[in-house]
Each structure stands twice: as C-alpha cells, then as structure tokens.
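Me: I am new to this structure. Please take one part and walk me through it closely.

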Amino acid sequence: MRLHVSLLISIAVLTGTLVSPFTADAVRIKDIGVIEGVRENQLIGYGLVVGLDSTGDRVIGGQFTIQAMMSMLNKMGVNLVIDPIQLLTRNIASVMVTAKLPPFSKAGMTLDAVVSSMANAKSLQGGTLLLTPLKAANQQVFAVAQGSVSIGGFLGGTGGAGGATVVKNHQAAGVVPGGAIIEKELPVNIDSWETVSVLLRRPDFTTAIRTAEAIEGAFGKGSASAINAGTVRATIPQPFHGRVVEYIASIEGLDVSVDAVAKVVVNERTGTVVLGEHVRISTCAISHGNLTISVKNTLNVSQPSAPLIGSAAGQTTVTPDVQTEIKEQESRLIVVDETVTLGEVVQALNAVGVTPRDLVAILSALRAAGSLQANLEII
C-alpha cells in the first residue's frame, strides 16, 4: 500500500524579487536515500593527450610531460639520446583521467572518461588520449581509457601581437565519451542479503521514523526500524528471499513526507536567497535605506591666448573638474508582525521593498536581533 501523504514544501527563491512559495507532494525513498552497499566507485589515472595543434604543455611548468613521454617511448623500444627539452613540441599534454564505476557493472561495459589538463596546455582541442589505466582507491586497475577528446568548444584565431583569438567554452578539460572499458568487475552479491539498509542523504530523525513507518505500512509491523538519524534497516520478508531486487524496487517507490530544519541560505555573490518551509519571523520593526555616493571626474583642457606684448606663448594645461553627489534613499520604519506561514514571511519581506542584496543584510540583522527563527547559512 502506497502512502499518499500530502507534503508542503514551500521554498521562496529570491533572484530579483521575492516570489510566492510553491508546494510539492511527498517524495520517494529512492529520491532521499541510497541502499547501503550499492554505490559508485571513483577511478583515476594519469595519461597523455597527443595530436594537439601546438596548444599543449610548454617547457616551463610542463617538465613532467617530457619525462612521461620519454618513459612511454622507452617502453615502446625507442631509446632517446637527445636533449629532452628538444622533444617538447607543444603537441602533447599531461592530463588526469577520472571516471565513475557504477555498481553491478560488468567487464566490457564502457564509461565516460573525464580528461583534465595538469600543466599549462592552452587547449585539448583535437587531441587523442593514449591508453590510460584507471585505478580505484585500492590501487587496482578496473578500467582502461583511450580515445578522442571532446571539449565542446573551440579555440580559433592567431593570437599574439596584431592577432585575435576566439575561445568558446573551457579548453583545459574534456570528455572521451564511452572511452573507458571496464576490465574488472566489482562483485556485489545481494542475493544473500537478509536485511536492507536505507541511508538518508540528509540525516533527520523525523524523516528516518517516517521512512520506517512507510516500509512497515507496506510490509507489516516490525519489518523496518530507524537505527539512527541517517539509517533505516528493513528485514527482507520471507516471500522476497531470493528476490531482493524486487524487494528493493518496492521500498524505493514508497512515498515519505520529508522533514527539515528551518534554514535560510544566502549567496552574496549572486544575490540568491532561499527560504525553507519552516522559516518564521517574530514581531519586529525594520528600517532600511540605501546611501549612494557618486563621484564624477571631468578633465578640461585650458589653452590661454598668446600675450599681446612679448613672444612668450600661453601654456596648455589639464584642469580636473571633480563633482561629488550623495543620494540617500528615504527609509521608513515598518512593523512586521509575527508570521505563521512562509507566505506571510514573503509578504512581510516584500513590504519592506528591498533588493535581494539588501535582503541579505536584513536577514543577518534579524538573526542578530533574535527575530529570525531559522538557521542562516551564507555560501
């Protein structure tokens, strides 16, 4: 039995002006948590990208690229007897290659490999990643990557003195789509499982209790329990023994009403302010005004006329004209009553008539005064 619990998630996103709160239904367990033991693994490796059009690593700052190239050529049977500096043609670049090994992946499957420049390569456009082993944290190789690098942009023009360069998108990183081939499997034997643990992405005691109740509502009393704020353990019923995949799919589709602490998140760089559902404001009075100072500097040229007597000519001088103007916005004191819902909070803040950047200062002052009933997080 699926639970249909109405959940009000009201978030006001402030990018320019305050907008009205919006609502959402309950969310699935799949969207708020993951199954313990079923996760991705990070892979990493060092590689070389060749075939660049003189946009690779330079001598200064890219010495390890020369060493890597010499080591590769020596393994191929090419013994070099020249100065290594002469080898750096800027057609090669050192890169770090990363990929994510998904759970239940099999040998022969392919992954996308992300290629990122390590030194001072100008662009990886048109390059080819050479065979690169990708290791996990245990230093075992699980995949190998090779193929053409796609950067999703371009670098054009001659550059330098008298030239122009046109750049689109980031040039120092790219992707080799499907360029990593899995060579080793990471076994996960779920058929032997007797219990399944759900790990909540945002640990919360109330949400953990509601998740356990949702599973119990579908599979019977005592079939699940909240171990802590972030873990809910469910016992696999007898009819699902040997059918763990069906059981996990069943509990992932159950709806849960998510609870969260009251929080206001502020990004001062972009002026974005997000208010959570449970944000409240106690009764207070707010006054806010802007002070604007503008300074205008105009350079005038003074050219006096030549004197009537004598041969001395007048001297040309530059005379600055500085004008300073101060404007202070007329402010007013507004009484904000204690709010009950997020809609009332938005209405109260809109009544002050400030911009989102001014709102950051107001929210900070409200928290300092003890009138903001929420955590204020500045990112």
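Which residue in strand 8 stands opposite Lys135? Please go on from there to the strands around it and to helix 2.

Reply: This is a predicted model. Lys135 has Val141 of strand 8 opposite it. Strand 7 covers residues 128-135, and strand 8 covers residues 141-148. Six bridges join these two strands. They run antiparallel.

Both strands belong to a barrel. Six strands close it, in the order 4-5-6-11-8-7, with antiparallel pairing. On average, neighbouring strands of this sheet are turned by 30 degrees against each other, direction ignored.

Now to helix 2. Helix 2 lies across strand 4, strand 5 and strand 7. Its direction is about 85 degrees to strand 4. Helix 2 takes in residues 63-75, 13 residues in total. At 1.5 Å a residue, it should span 18 Å. Its end C-alpha atoms are 19 Å apart, which agrees.

Which residues of helix 2 are buried? They are Thr65, Ile66, Ala68, Met69, Met72 and Leu73. These buried residues cover an arc of only 165 degrees around the axis, so they sit on the same side of helix 2. They pack against strand 4 (41-50), strand 5 (92-101) and strand 7 (128-135). The other side of helix 2 has exposed residues, Gln67 and Lys75.

What follows helix 2? Gly77 does, and its phi is positive, near 90 degrees.

To put the part together: strand 7 pairs with strand 8, and the buried residues of helix 2 pack against strand 7 as well as strand 4 and strand 5.

How values were computed
Residues are numbered from 1 along each chain as its sequence is written. This is a predicted model: local features need pLDDT of at least 70, side-chain atom pairs count only at pLDDT 80 or more; totals for chains, interfaces and linings use all residues. Side-chain values use heavy atoms; hydrogens and water are left out. Helices (H or I, at least four residues) and strands (E, at least two) are DSSP runs, numbered from the N terminus. The expected span of a helix is 1.5 Å times one less than its number of residues. Buried means under 20% relative accessible area, exposed over 50%, partly exposed in between (1.4 Å probe, protein chains only). The arc is that of the directions from the helix axis to the C-beta atoms. Contact means heavy atoms within 4.5 Å. Two strands pair if DSSP finds at least two bridges between them. Axes are lines fitted to C-alpha atoms, for helices over the stretch in contact, and angles run from 0 to 180 degrees between N-to-C directions.
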